[in-house]
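Biologist: I am new to this structure and would like a close look at a single part of it. Could you take me through the pockets, with what lines them?

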Amino acid sequence: MATQIFNENATQERAENARLSNIIGAIAVGDLVKSTLGPKGMDKILQSSTARGDDGLVVTNDGATILKMIPLDNAAAKVLVNISKVQDDEVGDGTTSVCVLAAEILRQAEQLLDQRIHPQTIIDGFRLATTKAREALENAAVSHKDDEAQWREDLLSIARTTLSSKVLAADKHKFAEVCVDAVLRLKGSTNLDRIQIIKKTGGKVSDSYLSDGFILNKKIGVNQPRLIKGAKILVANTPMDTDKVKVFGAKIKVSDTAQLAELERAEREKMRAKVQKIAALGINVFVNRQLIYNWPEQLFADAGIMAIEHADFDGVERLALVTGGEIASSFDNPELIALGGCDSVEEIIIGEDRMVKFNGTAAGQACTIVLRGGTNQMLDEAERSIHDAIAVLSQTIAEPRIVYGGGCSEMLMSKAVDEAAKLVPGKKSIAMEAFARALRQMPTILADNAGLDSADLVARLRAAHYDGKSTSGLDLFNGDIIDVTGKVTESFKLKRQVLLSASEAAEMILRVDDIIRCAPRQRRG
């Protein structure tokens, strides 16, 4: 008789059932997002059942965003969500590709399991295949960093490839220039905090532009200067609203209005002293994370200081970074306070809103991308698209090798794995051939999403690669096989990360032979 070792209501799936459950869950996630892949991919609408209005509505084709917002119960599906998130954090793009490739590898593994091939044998074959695919990818990668004109063209091509599958595809040439110019200002840094993105509804997407300097989406105080040249900036996070009586946890009893007036006068003098301490630092621009009430605002105006209130924490952190200052909270020790600086601070108008622009910041790499569009959903998706493009470009500058897209790299890796499998004895070679088939599924899905005859196109692409045309890829706009050199370019780091993450995730899921679910916690009462 079987011994009960788990709590009541705990469940266990073993061996084939566990593996099948995991594989089906992972394939379902891959099938969910694969229709968004490529320049002809479709969007998804994600609607919350609790939030109302625009807050609960997201329109996107970004794999990481889709998977992050969908509640999943399957353990293997969550693994794919995690690798998609890692891909987004590590490279910025390829979040859909990594999920789809992992799902296709597991789809092939399921067929091998049906043939009674042991999971460890399949894993060994997949590891050999991954090594050969990575070698083929590295051999195909090229770098033009020494040739400045070609290097910029490569970056533009990578940006166009990234944006071609996004909502900005119609204006990809303009936004590619914007992204490349913004990233090149970073001078090799991968810290994207210096690139601010401002979203403003109104106009059309093509009205978006790249602005030198840092734009803060806030207003300047009343009766204060609208233009400051040679700005000395104090970025602070300090209360400037104590002109009202605020004694917490205590009660104040007064016998007449004169005593109340005296109390208020003391508060006002305390605030005056604080403003004088700030003005004594020799600043002419004061940016505070918290509110600035009317009385201190008037004192700043009298002192000729431009005061900006309620700059959110993300805003003050970025501003401190790009102006070279530090966020201050107290002003008793002036020698410890680091002021920021820039050539000028001025008020500008974008659409119908007034904002503050910091020109010629101490960190000269700072710039702002101003996005315009008809709806909030459009702007949100445009921001995700721009983020993906600048993240990939910044990583490409750090790792300058490039490879070619349009199914070219996948077919190249597939060919290398197929040829290596012929020299491997035993069942591992069958697993390697299955891995090659999974790689070939990527151009197949691209063609299917474009409404083309994928069987014909992929067969022709494979024939071209075996004929020695190793830079052949898919032209999804004309339904043909072309030389993709200079036309469809992708980051080597992106492709390598997709390959390694998908392979590792598939291996981890294949290793599982037992799923134990804890019993739900009992509610009392």
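Modeller: What follows is a walk through the largest pocket and then the second largest one. Please keep in mind that this is a predicted model. The largest pocket holds about 720 Å³ of space, and of the 42 residues that line this pocket, Gly38, Pro39, Thr161, Ser164 and Glu490 are the closest to its centre. Several elements give two or more residues each to that lining, namely the helices H4 (95-114), H6 (148-164), H7 (172-184), H13 (428-449) and H15 (492-511), together with the strands S15 (472-475) and S17 (489-491). Among these contributors, H6 gives the most, with 6 residues. Sorted by class, the lining of the largest pocket is made up of 19 polar, 13 nonpolar and 10 charged residues.

Turning to the second largest pocket, its volume is about 340 Å³, and its lining consists of 16 residues, of which Ile197, Glu383, Arg384, His387 and Asp388 lie closest to the centre. Here the elements that supply two or more lining residues are helix H2 (63-69), strand S4 (195-201), helix H10 (313-323) and helix H11 (376-398), and the largest share, 5 residues, comes from H11. In the lining of this second largest pocket, 8 residues are charged, 5 are nonpolar and 3 are polar.

Notes
Residues numbered from 1 in each chain as written. Predicted model: local features only at pLDDT ≥ 70, side-chain atom pairs only at ≥ 80, totals over all residues. Heavy atoms only, no water. 1 Å grid on protein atoms, 1.4 Å probe; cavity = no way out; pocket = protein on both sides within 12 Å on 5 of 7 lines; lining within 4 Å. Points joined across faces, edges and corners; volume = space filled by probe spheres on them. Helix = DSSP H or I, 4+ residues; strand = E, 2+ residues; numbered from the N terminus. Nonpolar A, V, L, I, M, F, W, Y, C, P; charged D, E, K, R; others polar.
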